[in-house]
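Colleague: Got a minute to walk me through this one? I'd like to start with the ligands.

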Amino acid sequence: MGNILVFGASGQLGQCLAHVARERNTPGLQFLPEDQANILDLAGLRAQFARYQPSYCINCAAYTAVDKAEDEVELARKINRDGVANLSQLCAEYGTTLIQISTDFVFAGTGNQPLVETDASAPLSVYGLTKLEGEQVVPGYTSQYFILRTSWLYSEYANNFVKTMLKLGQERDELRVIWDQVGTPTYAIDLAGCILTIIETQSREFGLYHYSNEGVTSWYDFATAIFELSGTTVKTTPIRTAEYPTKATRPAYSVLDKTKVKTQLGVVIPHWRTSLQTCLERLQQAVSAA
Ligand SMILES: NC(=O)C1=CN([C@@H]2O[C@H](COP(=O)(O)OP(=O)(O)OC[C@H]3O[C@@H](n4cnc5c(N)ncnc54)[C@H](OP(=O)(O)O)[C@@H]3O)[C@@H](O)[C@H]2O)C=CC1
Ligand SMILES: Cc1cn([C@H]2C[C@H](O)[C@@H](COP(=O)(O)OP(=O)(O)O[C@H]3O[C@@H](C)C(=O)[C@@H](O)[C@H]3O)O2)c(=O)[nH]c1=O
């Protein structure tokens, strides 16, 4: 399979990839130290491509602070668009397959039917817009790519909604959580498994795919499930988006349709509640072991 270069290795998905690669004994993954893996440094990247001659490049690096991006447009664009352009250029030069991760936030979310890959994108936020620009630069350099759009990532690694809810559930008497934003959570460990399956099967079905866990929920119902499955008792009140003002606007409906990834890549996807239970058990085991 050759070398597989991973960028953004210390982020949530990067750490999940390392976890799954360890479990599956997948050879070849190179998790570069951060100072050698800045996706804005084209010369530095070229040195890494020359050294490793990678078969695959997995880009987990991104600017992901959704609200902050509204004030840091140029930085978000640099990382989410220009960084992806750099990697795409080098992938083209070295015959490397690029695996790029994108987001449900490329959609406006004004509909009520699961979104397919060909549905029109219309981001509401700077984060969503710059991630879409990142998707759009890739085909200008190479046709040898997989772009996986995913949604609501969580895991036992880094910061995410599940860990925030568990923390706030301990600290507060009441939580107020939005129920009129609907989507599907994705266990980043499952997404990492999908990425490694694409590589292990050496699929040539290049293109744009949607990947989340199965099922549909709201942030409120997700929070309620986190508390129920973790045995946390905290009053949880459903609120409307307008009652929780944020700098960035988020899509109201961003359920991704996974038919393409399942039929063309043969990926099996667990229901979000099953994966949430697994994640919570692993978090509990980590607490018990500490
Ligand atoms: N989190 C989510 O809910 C979702 C995420 N996604 C997408 O999935 C992917 C992975 O997200 P996730 O792992 O959660 O994000 P994280 O924010 O946890 O990780 C992103 C990583 O990218 C690193 N990074 C930032 N700038 C650069 C740079 N110039 N060069 C190299 N690395 C850099 C960050 O480092 P540092 O921390 O030092 O800045 C961080 O380690 C991203 O593409 C994201 O857009 C899609 C849908 C949902
Ligand atoms: C903490 C908290 C959040 N919320 C809401 C705000 C928001 O609409 C939703 C999720 O909030 P967060 O800030 O955790 O997540 P957010 O940054 O909106 O998550 C997004 O991140 C980017 C990177 C993506 O690509 C998206 O798919 C999505 O996962 O929950 C509440 O209603 N009550 C609360 O107490």
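**Ligands, helices and sheet**

Modeller: Sure, starting with ligand 2: β7 gives the largest share of its shell, four residues. Strands here are DSSP E runs of at least two residues, helices are H or I runs of at least four, and both are numbered from the N terminus.

Colleague: Is this predicted or experimental, and how is it numbered?

Modeller: It's a predicted model, where local features need pLDDT of at least 70, side-chain atom pairs count only at pLDDT 80 or more, and totals for chains, interfaces and linings use all residues. Residues count from 1 along each chain as its sequence is written, while chains are lettered from A and ligands numbered from 1 in the order in which they are written.

Colleague: OK, which residues are closest to ligand 2?

Modeller: V66, T103, F161, I178 and W219, out of 18 that surround it. Two or more shell residues come from each of α5 (161-171) and β7 (174-178). A residue is in the shell if its C-beta atom, placed from the backbone, lies within 6 Å of the ligand.

Colleague: And how does that shell divide by class?

Modeller: Ten nonpolar, five polar and three charged. Nonpolar means Ala, Val, Leu, Ile, Met, Phe, Trp, Tyr, Cys and Pro; charged means Asp, Glu, Lys and Arg; the others, Gly among them, are polar.

Colleague: What about ligand 1, which residues come nearest?

Modeller: G8, G11, Q12, A61 and A62, of 24 residues around it. By class, the shell of ligand 1 has 13 nonpolar, ten polar and one charged. α1 (12-24), α3 (73-94) and β4 (97-103) each supply at least two of its residues.

Colleague: Back to α5. At what angle does it pack with α7?

Modeller: About 65°, with the axes of α5 and α7 (residues 219-230) 10 Å apart. Axes are lines fitted to C-alpha atoms, for helices over the stretch in contact, and angles run from 0 to 180 degrees between N-to-C directions.

Colleague: Which residues make that contact?

Modeller: V162, M165, L166 and G169 on α5, with A223, I226, F227 and S230 on α7. Contact means C-beta atoms, placed from the backbone, within 7 Å. Six of those residues are nonpolar, two polar and none charged.

Colleague: Switching to the sheet, what's the strand order?

Modeller: β2-β1-β3-β4-β5-β10, an open sheet of six strands with parallel pairing. Strands pair if DSSP finds at least two bridges between them. β2 (29-31) and β10 (207-210) are the edges, each pairing on one side only.

Colleague: How much does it twist?

Modeller: An average of 20° from one strand to the next.

Key: Two residues are in contact if their C-beta atoms, placed from the backbone, lie within 7 Å.
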